[in-house]
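Subject: Structure for you to look at

Hello,

Please find the structure below, with its sequence. My notes on what turned up in it follow.

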Amino acid sequence: MRRLLWVMAAVSALGAAGPVAASDYSGPLFDAHLHYNAEAWDGSAGPHPLPDVLARMQRNGVKAIVSNSRPNDGTKALASSALTKQAGVTVVPFVRLYRNRADYDNWFRDETIYTMVQTELARGTDAGPFKGIGEFHLYDSSNANGPVAKKLMALAEDKGLAVLAHVDDTAIDLLMANTPSKGQRTRLIWAHTGIGGAPVARVDQLFAKYPLLMGELSYRPGLTCEGGKLCPEWRALLLKYPDRFMIGSDTWVNQRWQYYDELMKGYRAWLGDLPPDAARKIGWDNAANLFGVK
Ligand SMILES: [Zn+2]
């Protein structure tokens, strides 16, 4: 704590000049956007079986994950294995909406997906109940008004579940409008905080409008500039809302597993650009608080 105060004093003494000693963030990481899809492990062996992915988390200081997978078996395997416990990784399981690739373009109007989600929620995992729904994608934002998309948003809010959504800024408004609270009590995690590059001012506006909206930062265009450091307008936004952002690997293809070390090192580098308390919040606390992970 004394060291933290010293660093904060040093930062404020230098005013807005930026970080003093730009050392990497060394605290725990919460990977809030992780997939353990069929092709990563093929039910057991695969190129990335459980010991492999757990070793990657462990050596990068990743102590907790939001896990979802196509199909949900990958998440269940991670959640139930003794190896996960041994690696010191806490699994926060989400129900994925996709049984296969075809579901990507149809989930928002497919009643059988709604039934599948309800069945999975009732069943839960060996690590406890599912804590969220997603990741889901909307390539056309108007599909946020699909009948099943509407029902799932209402269901999530009623049950206090988080929602991980890969959508554009227009769809954020549409999804929020479909909840009982009109987005005032909706725990929506915006995957990539707008992978299409919604302007910072627009992200700011949405964060102001929806008090529980959170932003996950993988693949976010414009986030980092030269040397992997934060771009100035993003640094300012993160410091304006230090309680609202989180990091994630988005291991949607096996290549992302191969680069897991680099991805986490990249996060540690730019987190080190921030005051230590903000770095700790974005790297760990925000997701840990959202899901009650100690
Ligand atoms: Zn993803």
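**Salt bridges and one strand**

The side chains of Lys281 and Asp243 form a salt bridge, with an N to O distance of 3.0 Å. Lys281 belongs to helix H13 (residues 276-291), while Asp243 sits in the loop between helix H10 (232-240) and strand E8 (245-246), so the pair ties together parts that are 38 residues apart in sequence. Lys281 is partly exposed, at a relative accessible area of 25%, and Asp243 is also partly exposed, at 44%. Please keep in mind that this is a predicted model.

Why can such side chains pair at all? Side chains of opposite charge can do so when their charged atoms come close.

How many salt bridges does a search of the whole structure find? The search gives 17. Among them is the one between the side chains of Arg59 and Asp261, at 3.1 Å from N to O. Arg59 is part of helix H3 (residues 50-59) and Asp261 is part of helix H12 (residues 260-271), so this salt bridge ties together parts that are 202 residues apart in sequence. Are these two residues buried or exposed? Arg59 has a relative accessibility of 51% and counts as exposed, because the cut-off for exposed is over 50%. Asp261 has a relative accessible area of 17% and is buried, because buried means under 20%.

Another salt bridge joins the side chains of Asp285 and Arg280, with 3.2 Å from N to O. Asp285 is partly exposed, with a relative accessible area of 22%. Arg280 is partly exposed as well, at 34% relative accessibility.

Salt bridges can also link up into a network, and here one connects four residues: Asp169, Asp173, Arg202 and Lys209.

The other item is strand E1, which covers residues 29-35. Seven of its seven residues are buried, so E1 is largely enclosed by the rest of the structure. Which strand does E1 pair with, and in what sense? E1 pairs with strand E2 (residues 62-68) in the parallel sense, over five bridges. To find a bridge on the model, start at Leu29, whose bridge partner in E2 is Val62. While you are looking at the strands, recall that in a regular strand the side chains alternate between the two faces of the sheet.

A good place to begin is the salt bridge between Arg59 and Asp261, followed by the paired strands E1 and E2.

Regards

Terms used:
Residues numbered from 1 in each chain as written. Predicted model: local features only at pLDDT ≥ 70, side-chain atom pairs only at ≥ 80, totals over all residues. Heavy atoms only, no water. Buried < 20%, exposed > 50% of the residue type's maximum accessible area, 1.4 Å probe, protein only. Helix = DSSP H or I, 4+ residues; strand = E, 2+ residues; numbered from the N terminus. Pairing = 2+ DSSP bridges.
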